Amino acid sequence: MTATIIDGKAVAAEIDRRVGEAVAQLEGLLGRKPGLAVVLIGEDPASEVYVRNKVRRATRAGMNSTEIRKPATISQDEAITIVRQLNDNPSVDGILVQMPLPDHIDAGAVIDAIDPDKDVDGLTAVSAGRLLAGEEGLRPCTPAGCVLLAEQAMGDLTGKSVLVIGRSILVGKPAALLFLEKNCTVTIAHSRTVNLPELCRSADIVVAAVGRPEMIPGDWIKPGACVLDVGINRVAAPEKGEGQTRLVGDVAFEAASRNAGWITPVPGGIGPMTIAMLLRNTMTAAARRADIDLAGTRQGAG
Ligand code: NDP
């Protein structure tokens with residue numbers, strides 16, 4: 001293997017540590033801990049694990065982290081009321097509504113009820129608009145983690161060609177805009193893209209956010225490229241025993257590692273960065289709401 005394997009866990013732990021220091025400083029200035037509220041609706045087992053991890057990491061960073069759990073049967077209006085109460089709660093700096101929501105609830109309506117200044121997931125239409133306009137704002141966590149890892153690996157990203165595979169509002173589109181903000185030349189691919197192998201082979205940075213196990217073979221990767229594998233796919237692992245499973249990304253890791261300069265593993269790459277960016281956003285939101293210019297809390301333009 002020639003690629004450097006990017007240790008997202010280690011980078012995330014360092015960010016958590018620095019956020020923890022800023023949080024301690026903020027607590028002194030605010031007279032309270034920065035607060036993160038995580039709303040979990042329904043009993044999706046994967047969501048429960050994600051929420052537990054977010055709450056635990058926020059608490060460890062010194063934040064006041066609350067979990068609001070509601071049954072899958074609550075109505076959309078009730079969900080929006082919960083969000084509005086959190087908007088009005090002065091001790092809450094960041095609000096996160098864990099996705100997916102039950103089918104009868106319009107996720108967009110609930111997300112857009114979040115006060116954009118508390119939108120630590122960066123998913124409201126206002127946050128998306130601020131990103132598009134190059135205005136200061138809270139950026140979506142997973143794409144922000146991708147950019148940070150690419151910068152750590154490659155330094156200044158100016159002029160790099162980036163291929164983002166996937167165009168979701170959660171990952172693909174904001175990732176493309178964030179790399180554009182870094183002066184990269186960005187291409188977005190999706191299910192109707194006809195020349196994916198060629199596009200991939202010419203990219204200095206590949207962001208794979210599709211959700212299809214190992215769909216990107218190693219020989220699509222340009223020698224020396226930086227591969228950021230966002231995909232999380234559970235596949236059968238008969239080698240571990242009957243009925244066992246394991247997680248893989250969207251990229252064929254072993255083969256891609258022979259060509260890439262840097263590559264993120266799954267698990268342990270982008271995943272841990274997502275929560276680190278959430279904590280950083282919460283710290284940023286708390287500082288901005290109190291009009292405190294804490295070093296390191298500014299993100300995006302400005
Ligand atoms: P979506 O399902 O919303 O989007 C998938 C995208 O992939 C779509 O834009 C789709 O295109 C595109 N796509 C599908 N098939 C192909 C194909 N054959 N060739 C090219 N593009 C294709 O997924 P998300 O963006 O929400 O998530 C993507 C992956 O990232 C998932 O595995 C998810 O679990 C993971 N994820 C990981 C996170 C982390 O913290 N590590 C956080 C968030 C997500 P089209 O628009 O044309 O349908």
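Ala, Val, Leu, Ile, Met, Phe, Trp, Tyr, Cys and Pro count here as nonpolar, Asp, Glu, Lys and Arg as charged, and the others, Gly among them, as polar. The model is predicted: local features need pLDDT of at least 70, side-chain atom pairs count only at pLDDT 80 or more, and totals for chains, interfaces and linings use all residues. Residues are numbered from 1 along each chain as its sequence is written, and side-chain values use heavy atoms, with hydrogens and water left out.

**Exercise 1.** Describe the lining of the largest cavity by class.

*Solution.* Step 1: a cavity is a set of points, on a 1 Å grid over the protein atoms alone, where a 1.4 Å probe fits but cannot get out; lining residues have an atom within 4 Å of a point. Step 2: the lining consists of Ile95, Leu96, Val97, Ile111, Ile114, Asp119, Asp121 and Leu123. Step 3: sorted by class, these are 6 nonpolar, no polar and 2 charged residues.

**Exercise 2.** Determine how many disulfides the structure contains, and examine Cys184 and Cys200.

*Solution.* Step 1: a disulfide is a pair of cysteine sulfur atoms within 2.5 Å. Step 2: a search of the whole structure gives 0 disulfides. Step 3: for Cys184, the closest cysteine sulfur belongs to Cys226 and lies 10 Å away, too far for a bond. Step 4: for Cys200, the closest cysteine sulfur is likewise in Cys226, at 12 Å, which is too far for a bond. Step 5: Cys184 is buried (under 20% relative accessible area, 1.4 Å probe, protein chains only), with a value of 5%. Step 6: Cys200 is also buried, at 0%.

Conventions: Buried < 20%, exposed > 50% of the residue type's maximum accessible area, 1.4 Å probe, protein only. 1 Å grid on protein atoms, 1.4 Å probe; cavity = no way out; pocket = protein on both sides within 12 Å on 5 of 7 lines; lining within 4 Å.
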